[in-house]
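I opened the structure and wanted to note its largest pocket and one of its sheets in my notebook.

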Amino acid sequence: MKRTLLNLCIILIASFSAFSQTTFAPLANIDPDTGDEPFEIESGDLDGDGTIDLVMATFDAAGSIDFIKWYKNDGLGNFTIQPTISSTITFIDGLEVADIDGLFGEDIIVSSQNQNKVVYFLSDGLGGFGPETSIDSSIFAPGEVKAGDINLDGNIDIVVPTFSEFKTVWYAGDGLGGFAAEQTIQFDVDGFDTPYYVDIADYDDDGDLDVLIGIYKFPAPQRIEIYYNQYDESGSTAVSWIKDTQTVDNTLTRINNIIFADVNNDGQPDVVSTDITSGNVTWYNKIKNGVSTPSVISNASIITNPALAYVVDIDGDALNDVIVTDFSSGDDAIIWFKGNSGASPDATPTTITDNNFQMVDIAIADFDNDMDNDIASVGNFSDTVFWLANDLFTLGVVSETIEGLKIYPNPTNHILNISTNRNEAINIIVIDVVGKEVLRESVQSTAKLDVSQLQNGLYIIKFEGSDTTYKFIKQ
């Protein structure tokens, strides 16, 4: 880690972890005043220090002023508001985090619906971001933004739908911050199909990224299409696209979210849609150029106006679960459905939190480095940013598997003293906050662990043959 934690003058009491029921701590406020109508939130290591930070963008329907702001994480889930990145870009409808130039931390890409542009801000290596840099300043009403390596050259490329030009395009990145002119993925010559939402993944398992597109059609219904990247099939370095012969779904009323995700935990990606008007959150077991079998995860009787679905393992059983958020104020704000192997998720959800904040977007990552997935969100109604700690691994509970365990001092700059009531040796493993093993040693009942060679930062000690873990800070 590149940063120091000398500002963290907190002596942590020895923290022991044991598996527990998945619950979430109360909301922890990060930003009490984001500006009107925060709409997008993403996570990533924005300053290159090995911890997961947050970035937020507003979309003020009144059209006054919008903000892009980021929040630095100290590795324990303590976020601090950083200088505002932008207050001049308005109607921010796409927000993505990716390492565009391979330097410092991850960078920020945004689209402006009414200013007709897609731009980025590079992490500057000084804990901030450089000036706004254009990817395209003549794209008409861009929507969602996704980043990935489309042409398999090792560089980040950008995919953007353009609502008023009836097409979806991509931009090839050069790995240095430059982007080539737009190339078309999808285009409606009749001018009735208006794409707005996208996602990217290797859906057909051929080694290149495919594109999922949510299309508004006037008049309704709206639909979802898959476009397959033909990079590998072409046998050259050229990227071309072929639409799946069968539409995923053409009965939707108002799409608000689409994603590729493995919902039934069979190792293959599926398609998920959120229809804010009908209230249905649906997953599709879709065969390439073949049948699409829909299964409703959540309906209007559970959440009347769902905002989005997010698929991730939140209960630590190695199976993906489904999180759904509420766009209105009448239902539970965030709920989750337990995932199953080879089948749909459970029909009955569990409430994570309930309020009238209108959590239109969430970001999920291990923000406090306790080895489970936490949730950060924006309150579109409350104009706030906050996060909820996942208590899957319950800290502060002594594990019965290692009797009399004591580790001190914490923080430390040189030696960790370890003692237990055991006579036999214990194998310990020290890992950093990104999961890399940095030290392994066998210790007796009383030992001194030399951590002086470790870089300053947060670490976790794991005890082989036990669920017990311990956090410490190396200063």
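What volume does the largest pocket have? I looked it up and found about 680 Å³, where a pocket is an open set of points on a 1 Å grid over the protein atoms alone, with room for a 1.4 Å probe and protein on both sides within 12 Å along at least five of seven lines, and a volume is the space filled by probe spheres set on the points, which are joined across faces, edges and corners. I note that this is a predicted model, in which local features need pLDDT of at least 70 and side-chain atom pairs count only at 80 or more, while totals for chains, interfaces and linings use all residues. Residues are numbered from 1 along each chain as its sequence is written, and side-chain values use heavy atoms, leaving out hydrogens and water.

I then listed the lining (residues with an atom within 4 Å of a point): of 33 residues, E42, E144, K146, N257 and I259 are the closest to the pocket's centre. Strand β20 gives the largest share, 6 residues, where strands are DSSP runs of E, at least two residues long, numbered from the N terminus.

Next I turned to an open sheet of 4 strands, which runs β24-β25-β26-β27 with antiparallel pairing (two strands pair if DSSP finds at least two bridges between them). The edges are β24 and β27 (350-353), each with a single partner strand, so one side of each lacks a neighbour in the sheet. I checked β24 against β25 (residues 321-326) and found 5 bridges, and I noted that Y310 has I323 in β25 as its bridge partner.
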